[in-house]
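Biologist: I'm new to this one, so could you take me slowly through a single part of it?

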Amino acid sequence: GTMSVAIILSAFTVYTATAFVPNPIRPISEDMIRPKAGGRFNKDFIPKGVGMSLAGQDIIEAGVSFDTFAPQFLWLSMIVAPESSVTKKIMGPIVPILALSLVHLGIVVLAASQKGAVDQILIFGEVFDPSLSQLTGMQKLFQFPNFVAEEWPHVLIWDLFVGRAVWLDGVQRGIDTRLSLSFCNFIGPPGLLIYAATCLITGKGLPAMGYSPDSPDDEIEQ
């Protein structure tokens, strides 16, 4: 029932929230700061980040973690309890997708201000050069941590966007979406293909995803 779904979602949220709790910083011991031979301090043993304020890279890390784990309880609600009132209240509005997108936008803006951003743009141009290898270009880009920081949430949010569209269509037309949504979450587009196949097998027809063939052309253009 609704109560059991709420309990599951709450437990899952608490579990995933631990991903955002920073690891405790070890206290600086005497051994860490004892001068080396020659009078120099042993800087190698000072914990990274001690005495430093929250930098842009730290915010990027936190944003990636949030956009990685936060969507998982949304997937869980759609897969485990697609007809639940709790799921409908959470995933019916597009607000969760917009919130995740805002976090992603922050990652993009911060990553663009970091060192190597221009190099990434130049390599990105290579990816769309038909005379070059697109796979090689992407391999080069994935060597930049901040490109991965942008690309990973990008994939996760769009997968969730499509998953929500699949879930909405399934609820409206009475189609089981659990298998499709599981694959949408794990590998993206194949989940959509599975849903399309499910619709055809059950005789419901391909999902319209908002399009109505009976709509006047002027309404579609609007």
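Biologist: How much space lies in the second largest pocket, and what surrounds it?

Modeller: A word on the basis before the tour. This is a predicted model, where local features need pLDDT of at least 70, side-chain atom pairs count only at pLDDT 80 or more, and totals for chains, interfaces and linings use all residues. Residues are numbered from 1 along each chain as its sequence is written, and side-chain values use heavy atoms, with hydrogens and water left out.

Now, the second largest pocket holds about 280 Å³ of space. On a 1 Å grid over the protein atoms alone, a pocket is an open set of points where a 1.4 Å probe fits, with protein on both sides within 12 Å along at least five of seven lines; lining residues have an atom within 4 Å of a point. Points are joined across faces, edges and corners, and the volume is the space filled by probe spheres set on them.

There are 13 lining residues, and Val108, Gln120, Ile121, Phe147 and Glu150 lie nearest the centre. The lining splits into 8 nonpolar, 3 polar and 2 charged residues (Ala, Val, Leu, Ile, Met, Phe, Trp, Tyr, Cys and Pro count as nonpolar, Asp, Glu, Lys and Arg as charged, the others, Gly among them, as polar).

Helix 5 (95–112), helix 6 (117–127) and helix 8 (145–173) each supply at least two lining residues; helices are DSSP runs of H or I, at least four residues, numbered from the N terminus. Helix 8 gives the most, with 5 residues, so let's follow it outwards.

Its axis and that of helix 3 (residues 56–80) come within 10 Å and cross at roughly 20 degrees. Axes are lines fitted to C-alpha atoms over the stretch in contact, with angles from 0 to 180 degrees between N-to-C directions. Helix 3 and helix 8 are therefore roughly parallel (angles under 35 degrees; over 145 is roughly antiparallel). Among the helix 3 residues in this contact (heavy atoms within 4.5 Å) are Trp75 and Met78, and helix 8 brings Trp152 and Trp167, among others. That contact divides into 13 nonpolar, 4 polar and 3 charged residues.

Helix 8 also comes within 11 Å of helix 10 (residues 189–201), axis to axis, crossing at roughly 15 degrees. That makes these two roughly parallel as well.

Back at the pocket, helix 6 has a partner too: its axis and that of helix 7 (residues 134–141) come within 8 Å and cross at roughly 160 degrees, so the pair is roughly antiparallel. Gln120, one of the residues nearest the pocket centre, is also among the helix 6 residues that meet helix 7.

Notes
Parallel < 35°, antiparallel > 145°, perpendicular 65-115°, else oblique.
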